[in-house]
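Subject: The structure you asked about

Hi,

Here is the structure, as promised. Have a look at it first, and then read my notes underneath.

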Amino acid sequence: MKKSLQYCLLSMLCWAGLLNTATAQTHYVGISPKLGYAAMLDNKFSSNNLDGFDLRTQGGVIGGMSFFYELKKEAFRFQTGLDFDYINSTSRITDFTVDGKMTFPYDMVYHYNFQNWKETRNSFYMQVPVLFGAQVNRFFFFAGPKVAIPLAGGYSSRGTVNVTGTHSKLPADLENIYTHEMLPTDYRYKGKLALRPTVSLALEAGIDLDRWLASPPPRRKRGQARKKRTFKQLLHYRASVFADYAFLNTNNYAANTTNAQPYIKGVSSDYEGRLPVFANGSNRLEGMNTALATDGAQKMNLNPLTIGVKFTIMYEFEKPIPPKKTPRPKPQPKPKPKPQPKPEAPKYYLCGIVEDKETMARLSDAVVEIYDTTGERSLYAVEMGNDQSAFESKLEPGTYMAYIRKAGYLPYSGIFSFQKDTVHFALQEVKEKVVTLLDVHFATNKTVVLPESDQVLEDLYDFLTENPTVRIRIVGHTDNVGTLEANQRLSEGRARSVTNEMVKRGIDRHRIEYEGKGKTAPVATNDTEEGRAKNRRVEFIILSK
């Protein structure tokens, strides 16, 4: 047992250290109520005992609560904590007969027929799990050892004893004689149960319920810093099935025999390994020891088995928002003599026209947003009216980023420069089979969407919200590095990740399809790093409008 504890602790430290060396970690704490079937299996119990009975495990219930910490790194999971489990299990004691000779007042033999006897064991365990697992899409699993420490234990025995008697001078057995206590009688006894620590193998598999129960993340508009999530938005939900099997014997045979009573109470203080306890000089049953203390349990293994369901609520520790990096001030040159004033040049301000990309017709009723080149600071915004296709601002010549959207058209996003001429912005009308590039960033060789893609995903969400009848297909592509099968899985997984982000934000799943094309559809050469970067892309195609 000591070696098992050391092994679990060493495994926990090694895996936690390995995961801590990596990036993109997420930490959770949570609780999991559980309920299910439990059985304390009476393995290798010997029916060749002094009383001649056997045990048949019937089982009972388990109820408990888990308090845990979980660490996530990409698809991998590590979990540990404390489980508190109540286990109730019943074992049937097969019918058996015990004979006892009485010389007073009559010289006869009494037969004690034990019928329909059951022993119910109740135990309370504290467990320390060390579980490792993974999550793919909404499905997850865990596996690992649990060290179980018993906190309390007890048993209750109940059944019927039918007493008959045999006299050498009588032709038949005596029965149903009230004056000689020869009647079927129901009994019920309770006692303490001694258990010892054990180690179990735990398996758990289930589904993530965030799609149906979790609150959606906060919307982030262009020009806004990433918002902190509320407590409710940091809660996650799961449902799962579990199975635990203790492969080490949890029966403390020595302690149970110490607590047991002798066969004839008051005659001897030594326990003989018998199940019933009788009063001295009487045919009256005084009690029942636990079957785990009889001579048939010397070499048996008591192995708890539990199977059930769990509902989990987890709280996610939000990653701190990184502070904005402020550039170091450049050294200022020495002041030069002020030049002579020149005639003031005329000032130009940014003006723009929104047009249809194909017909070049002016478009009204568009939303125009102008940002600095980082896209973080909003400089100008206007919602044009039904008869307005141009806009004027007070922005001086320079380089800016524009984001323009209009219902029925694909949104425009790009960096532009102007000096003094009017800038023309062309929008592509929503049509079937139109292909649009999404600037989505992923972890290297992974399907995990990186945080810098949040704004692109929000833009796609806005487009689908403003055009509620549009259906699209997300298509993932890769370069030619790696095998055909690996690139196909990677491209399909990335397209699925973008689809899941849209569904998480509230878009109907039936409006979006996804597929992966691997390295079969390059748009540039794969002989250069620049070309391979262009081929690693995600697009969306208009299926219907």
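Below is what I found, going from the overall picture down to single residues.

One thing to keep in mind throughout: this is a predicted model.

**Overall picture**

The protein has 545 residues, and 46% of them are buried. DSSP runs give six helices and 25 strands. Of the contacts with a separation of 6 or more, 72% are between residues 24 or more positions apart.

**How some of the strands pair**

Let me walk you through one run of neighbours. Strand 6 (residues 139-166) and strand 9 (residues 198-208) are antiparallel, with 10 bridges between them. If you want a spot to zoom in on there, Ala-148 is opposite Thr-198 of strand 9. Strand 9 is in turn joined to strand 10 (residues 235-246) by nine bridges, again antiparallel. Here Ser-200 faces Ala-246 of strand 10.

From strand 10 you can carry on to strand 14, since those two pair antiparallel over 11 bridges. Ser-240 has Lys-310 of strand 14 as its bridge partner. Strand 14 also pairs with strand 1, in the antiparallel sense and over 15 bridges. One of the partnerships there is Leu-35 with Val-309 in strand 14.

There is also an open sheet of three strands, ordered 11-12-13, and its pairing is mixed. Strand 11 (264-265) and strand 13 (285-288) are the edge strands with a single partner each, so one side of each has no neighbour in the sheet. Strand 11 runs parallel to strand 12 (residues 276-279), and two bridges hold the pair. Lys-265 has Ala-279 as its bridge partner in strand 12.

**The nonpolar cores**

What sits in the largest nonpolar core? It has 35 residues, and Phe-53, Tyr-112, Phe-114 and Leu-285 have the most contacts inside it. Strands 1, 2, 3, 4, 5, 6 and 13 each give it at least two residues. Strand 5 supplies the largest share, at six residues.

Leu-285 is worth clicking on. Leaving out neighbours within four places in sequence, Leu-285 is in contact with Phe-114, Trp-117, Val-161, Tyr-187, Tyr-189, Pro-276, Val-277 and Phe-278.

A second core, separate from that one, has 23 residues, with Leu-410, Leu-464, Ile-472 and Val-498 among them.

**Cavities**

How many cavities of 30 Å³ or more are there? The count is three. The largest cavity holds about 110 Å³ of space. Its lining is made of 14 residues, and those nearest the centre are Ile-87, Gln-127, Ser-200, Ala-246 and Pro-304. You will recognise two of those names: Ser-200 and Ala-246 are the pair that stand opposite each other where strand 9 meets strand 10. As for the strands around this largest cavity, strand 3, strand 5, strand 9, strand 10 and strand 14 (301-317) each put at least two residues into the lining.

**A helix to look at**

Helix 5 covers residues 484-505, which is 22 residues. From first C-alpha to last, helix 5 reaches 32 Å, close to the 32 Å expected at 1.5 Å a residue. Just after helix 5 comes Gly-506, with a positive phi of about 115°.

**Two residues to compare**

Is Thr-306 buried or exposed? Thr-306 belongs to strand 14. Its relative accessible area is 5%, and buried means under 20%, so Thr-306 counts as buried. Outside the residues up to four places away in sequence, Thr-306 touches Tyr-37, Ala-38, Ile-62, Ile-87, Phe-242, Ala-243 and Asp-244. Ile-87 in that list is also one of the residues nearest the centre of the largest cavity.

And which strand holds Ser-413? That residue is in strand 20 (residues 412-418). At 43% relative accessible area, Ser-413 falls between the 20% and 50% cut-offs, so it is partly exposed. Ser-413 and Asp-459 are 46 residues apart in sequence, and their C-alpha atoms are 9.4 Å apart in space.

That's everything from my side.

Cheers

Key: Residues are numbered from 1 along each chain as its sequence is written. This is a predicted model: local features need pLDDT of at least 70, side-chain atom pairs count only at pLDDT 80 or more; totals for chains, interfaces and linings use all residues. Side-chain values use heavy atoms; hydrogens and water are left out. Two strands pair if DSSP finds at least two bridges between them. Helices (H or I, at least four residues) and strands (E, at least two) are DSSP runs, numbered from the N terminus. The expected span of a helix is 1.5 Å times one less than its number of residues. A nonpolar core is a set of buried Ala, Val, Leu, Ile, Met, Phe, Trp, Tyr and Cys residues joined through side-chain atoms within 4.5 Å. Buried means under 20% relative accessible area, exposed over 50%, partly exposed in between (1.4 Å probe, protein chains only). Contact means heavy atoms within 4.5 Å. On a 1 Å grid over the protein atoms alone, a cavity is a set of points where a 1.4 Å probe fits but cannot get out, and a pocket is an open set with protein on both sides within 12 Å along at least five of seven lines; lining residues have an atom within 4 Å of a point. Grid points are joined across faces, edges and corners, and a volume is the space filled by probe spheres set on the points.
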